[in-house]
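The following exercises concern backbone geometry and helix packing. Please work through each task before reading its solution.

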Amino acid sequence: MDYEQARDRLVADLVERADLSEQTADAMRAVPRHEFVPESRRSDAYEDRPLPIGNGQTISAPHMVGVMLDLLAPDPGDRILEIGTGCGYHAAVTAEVVGPEEVFSVEYYDDLAARARETLDRLGYGEISVRAGDGRDGWADHAPYDAAYLTCAGESFPPALVEQVRPGGVVLGPIDDGRQRLVRGVVGEDGLRDREGHGYVRFVPLQ
Ligand code: SAH
């Protein structure tokens, strides 16, 4: 199977269907998604759907990663906090825009964090920082961030996350108040402002 050709086809399709920005499309074209999924799933890596990655967790569907990167719309050099490293794919796509040294990612499960670390090292994303722990605490050592996003759904944005993003920065993720919605907010002087919903989604729960 020609992975590069399959990836180009998928990204072209997403640009058309999800109206992805050129910046996001370029980032997605650069990252070999098949290297992040279990070997037995490689042939499905360029289908637009989530795939299992172990520990009952899933890598998000490509369109969701693209839509989230568009909503985050980081500039090169922005510092980004990710909660839910999973297999590391989404972090690598983000790193294509901001630079790997500006991506900080927290994963709840030690073994997923260790595996993501290995994959990222092997593929040249060794400068992405990964820590195993509870993402509800964010990662204070490297704050303030220009933006933060969650790849798992909580009832609200964890307060530590909002505190660690600079005023004017973006917080993004699935929020579950009965039904999951992708929510984007801007950090103001006194918590989040300009909260907007961006459709109904399905993510694994925040532990
Ligand atoms: N971005 C990932 C998607 C992973 S799915 C990728 O590209 O593969 C969501 C991830 O969030 C899972 O790996 C899950 O273990 C993790 N997670 C769930 N609760 C968490 C928490 N409290 N802190 C950090 N990570 C968490």
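**Backbone geometry and helix packing**

Pro-144 lies in the loop that links strand S5 (129–132) to strand S6 (145–150). The model is a predicted one.

**Exercise 1.** Determine the state of the peptide bond from Ala-143 to Pro-144, cis or trans.

*Solution.* Omega of this bond is near 0°. The bond between Ala-143 and Pro-144 is accordingly cis.

**Exercise 2.** Classify the packing of helix H2 (residues 22–30) against helix H3 (residues 62–72), and give the handedness of the crossing of H2 and H3.

*Solution.* Step one: the helices pack at an angle of about 140°, and their axes are 9 Å apart. Step two: this angle makes H2 oblique to H3. Step three: the crossing of H2 and H3 is right-handed. Step four: H2 contributes Thr-24, Ala-27 and Met-28 to the contact, while H3 contributes Pro-62, Gly-66, Leu-69 and Asp-70. Step five: the residues of this contact comprise four nonpolar, two polar and one charged.

**Exercise 3.** For Ala-73, state the sign of phi and decide whether the residue is buried, partly exposed or exposed.

*Solution.* Ala-73 belongs to the loop between H3 and strand S3 (80–83). Phi is near 40°, a positive value in a residue that is not glycine. Ala-73 counts as partly exposed because its relative accessibility is 46%, and the partly exposed class lies between 20% and 50%.

**Exercise 4.** Carry out the corresponding analysis for Asp-194.

*Solution.* Asp-194 is located in strand S9 (residues 191–200). Phi of Asp-194 is positive, about 50°, although the residue is not a glycine. With a relative accessible area of 46%, Asp-194 is partly exposed.

Terms used. Residues are numbered from 1 along each chain as its sequence is written. This is a predicted model: local features need pLDDT of at least 70, side-chain atom pairs count only at pLDDT 80 or more; totals for chains, interfaces and linings use all residues. Side-chain values use heavy atoms; hydrogens and water are left out. Axes are lines fitted to C-alpha atoms, for helices over the stretch in contact, and angles run from 0 to 180 degrees between N-to-C directions. Helices (H or I, at least four residues) and strands (E, at least two) are DSSP runs, numbered from the N terminus. Angles under 35 degrees count as roughly parallel, over 145 as roughly antiparallel, 65 to 115 as roughly perpendicular and the rest as oblique. A crossing is left-handed if the near helix is turned anticlockwise from the far one by less than a right angle, and right-handed if clockwise. Contact means heavy atoms within 4.5 Å. Ala, Val, Leu, Ile, Met, Phe, Trp, Tyr, Cys and Pro count as nonpolar, Asp, Glu, Lys and Arg as charged, and the others, Gly among them, as polar. Buried means under 20% relative accessible area, exposed over 50%, partly exposed in between (1.4 Å probe, protein chains only).
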